[in-house]
Amino acid sequence: MTSEQINELIRLVQEQAKIIARQAKTIEEQAQSIEYLRRKLFGKQSEQIDSNQLSLLDEDDGVFTEPEQTGEENQTDQVQPTKKRKRTRKEVLNRNLPVKITFVDVENKQCPHGHRLISVGKRLVREQLYFQPAKLFREEIYAYTYKCVDCEGLDGLAHLIQAQVPSPVIPHSLGSATVIAEIVHQKFEQGVPLYRQIKDWQRLGADLTETTLANWMIRSGELMTPLYELIREALMAQHCLQGDETPIQVLREPGKKASAKSYMWVARSVRKSPIKAVLYAYGDTRSGNFARNLYRGFNGSFQCDGYAGYNSLGNSVTRIGCFAHVRRKFYDAANIKGKVQISRPLKLLDKMFALEREWQHLSPRSRKRRRRGQLRGLLNKFWRWIDQADELPKSQLGKAITYAQNQRATLNKIIEHGEFDFSNNAAERNMKSLVIGRKNWLFSTSPAGAEATAIWMTLIESAKASGINPRDYILYLLENIPQLPEFAKKSELAVYLPWNFTQRPIGRDELHVKVA
C-alpha cells in the first residue's frame, strides 16, 4: 500500500469519526428533547428542588427551592413547615359574618315529677355554619302614575306624572342585574361554562338556553366597554407595566379556520403601583402590530418574556426581562429523569431569588439600592458562567444558555428598576385565571364572545388586584352603569373604577329563632 493510499485511508477514517461524533451529538440532543417532552406530558409539573442537594455545592447559604410561579404575588419562598399550625375558628370565619341565634327550649317546662321549672340561664352548645340555597323569583315592576287636578282645572289638559323606573341592564330582557352578575361570577370567576349553568337555572325554575346566556354576556359586556376603555387609559398612563399573552380559540372568526389560534393579551400594573388594574385584550393575531396598538400611549418600562413581538413597542418603551423564564429553562435542563441535578447557573439564580424574597416588601428605591449592592455580584458570576459555557446548542442546557444570552440586555435592567419584581409571575398568574376558565369553556363561538370575555376578565381581575370582592363589584356595576347617560363623561365613569369602589360591609344581623 502506497503512502498516498494510507493518507487517503486516514482521511476517510477521520471523516467517518467526525460523522460519528456529529451523530452522537444529534442522538444526545434528541434524547434530551424526548426526555423533556415526556416529563412535560407525564411528569411532575412542580419546579421545586430538593434543598438537601444544595449542600453538595459550595457557598450554600440558602436558595430558592420552590416553583416561582405558585403562591401569592411575588412570594417565591413557599417552603412549608413540617407541621402546619391549625387555624382557630376566629381565623376561619369572617368576624362580620351574619349570626343566626337559635334557642332550644324545654318542651313542657316541667321536671319528670311534674314540678314547674324556673329558667336559670342558657348555655352555648355548639357553633356551626348555615347555608341558605339560592332562590329565583319573578319580579314584576309597576310604576305609579299621578295626575295634577289643579293643573287640569286651569287648562283642561290631563297632566300625568309617572314614577321613574331604573333602566334595565338589557332592554326587553328577563336578565336582571342580579341574574347576570351571577352568570358572570360563575363563568369568569369560577370557570363554569354556560351549558353547565343552564341546569342550575332550570332547577330554580327558569328554562334558559345557552344562546340566551351568551347574548346576555355579550350585551352586558358591551355596556361595560366605556369603563373598560377608561381602565386601559389609566393603565397606559402608568410608568411601569407587566404583560403576557396566551392562545385562545374562536370558532367563527372571519377569514380564519375554526382551528386557527387567536390570542388573549394581558397588561397589568406592577405590585408597587397605587393603581391596581389588569387589562385583557382579545386579538386575532400575535403580531407586533397588535402589541403596538394595545400599548399605544404608553411610555415607560415594560416587563415581559422574550417574545419578539414586543420589540414593536419602539424605543419609547424600556423592556425589562423576567428571571423566572430564565430559571425555568435551567431547571428543565437540570431535571434529568425526574431528579434535579443542580447546576451552577441554577444555584446562582436561586440565590438571587432568595435575596429578592427578603426585599419584596421594600420600597422601589430601597430595593434598587440593595440590588446594586448585593445582586449585581451574583448576576456578574452568572454571566461569566454563561460566557464560558460550552454546551451542545440544541441540548436543553444549550437552549437555556441561548435564551439567557438573547435576553441579557433586558435582564440586566432589573438592577436599575426597583419598581419591578424579579419575575413577571404576577402577569402569568392573571393569565392563569383565564387559562383555567379556557380549559372548561374550550373556545369562544364568535369574536364578540371573546371581546366580552376580555371585558369581564378585566373587571374581575382588576377587582381582585384592588382587594375588593369581584362579585359585589360586578353587581354594583350592573345596577348603576345602565343609569348613566348614553355618552357618559369620563368623570362620571371614574366613580365606578375598581380602585374607587368602596366594599360594602357584611351585615351583622342577629336572627333570633326559638325552637321548642
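## Starting with a helix on a sheet

Helix 14 is a good place to start: it lies across strand 4, strand 5 and strand 6, and runs at about 20° to strand 4. Keep in mind that this is a predicted model. Helix 7 (residues 225-236) packs on the sheet too, where it touches strand 4, strand 5 (261-269) and strand 6. The direction of helix 7 makes about 110° with that of strand 6.

For the wider setting, the protein chain has 17 helices and eleven strands. Of its 516 residues, 40% are buried. Take the contacts in the chain with a separation of 6 or more: 66% of them are between residues 24 or more positions apart.

## The sheet itself

How are the five strands ordered in the open sheet? The order is 6-5-4-7-8, with mixed pairing. Strand 6 (278-283) and strand 8 (318-320) are the edge strands; each has a single partner strand, so one side of each has no neighbour in the sheet. Going from one strand to its neighbour, the average turn is 30°, ignoring direction.

The mix shows up in the individual pairs. Strand 4 (residues 240-249) and strand 7 (residues 301-303) run in the parallel sense, joined over three bridges. In that pairing, glutamine 242 has glutamine 303 of strand 7 as its bridge partner. Strand 5 and strand 6, on the other hand, pair in the antiparallel sense over six bridges. Here tryptophan 265 stands opposite alanine 281 in strand 6.

## An edge strand under cover

Is strand 6 open to the outside or enclosed? Six of its six residues are buried, so strand 6 is largely enclosed by the rest of the structure. In a regular strand, side chains alternate between the two faces of the sheet. Both faces are covered in strand 6: Val278, Tyr280 and Tyr282 are buried on one side, and Leu279, Ala281 and Gly283 are buried on the other.

## Rings and charges

Aromatic rings pair up here as well, with a count of 14 aromatic pairs. In one of them, phenylalanine 302 and tyrosine 310 have ring centres 5.2 Å apart and planes at 55°, so this pair counts as tilted. Both of these residues, phenylalanine 302 and tyrosine 310, are buried. Another pair is phenylalanine 353 with phenylalanine 422: the centres are 5.1 Å apart and the planes stand at 85°, so this one is edge-to-face. Phenylalanine 353 belongs to helix 10 (residues 344-359), while phenylalanine 422 is in the loop between helix 13 (408-412) and helix 14 (425-441), so the pair ties together parts 69 residues apart in sequence. Phenylalanine 353 is buried at a relative accessible area of 1%, and phenylalanine 422 is buried with 1% as well.

Ring pairs also build a cluster out of Trp265, Phe290, Tyr295, Phe298, Phe302, Tyr307 and Tyr310. One of these rings has a charged visitor: arginine 286 lies over the face of tyrosine 307, 3.8 Å from the ring centre. Elsewhere, lysine 329 puts its charged end over the ring of tyrosine 403, 4.8 Å from the centre.

## Helix 9

Helix 9 (residues 323-334) has twelve residues. From first C-alpha to last it reaches 16 Å, close to the 16 Å expected at 1.5 Å a residue.

This helix is mostly covered, with eleven of its twelve residues buried. Among them are Phe323, Val326, Phe330 and Tyr331, along with Arg327, Arg328 and Asp332.

Terms used
Residues are numbered from 1 along each chain as its sequence is written. This is a predicted model: local features need pLDDT of at least 70, side-chain atom pairs count only at pLDDT 80 or more; totals for chains, interfaces and linings use all residues. Side-chain values use heavy atoms; hydrogens and water are left out. Rings of Phe, Tyr and Trp (its six-membered ring) pair if their centres lie within 6.5 Å; planes under 30 degrees apart count as stacked, over 60 as edge-to-face and the rest as tilted. Buried means under 20% relative accessible area, exposed over 50%, partly exposed in between (1.4 Å probe, protein chains only). Helices (H or I, at least four residues) and strands (E, at least two) are DSSP runs, numbered from the N terminus. A charge sits over a ring if NZ of Lys or CZ of Arg is within 6 Å of the ring centre and within 35 degrees of the ring normal. Two strands pair if DSSP finds at least two bridges between them. Axes are lines fitted to C-alpha atoms, for helices over the stretch in contact, and angles run from 0 to 180 degrees between N-to-C directions. Contact means heavy atoms within 4.5 Å. The expected span of a helix is 1.5 Å times one less than its number of residues.
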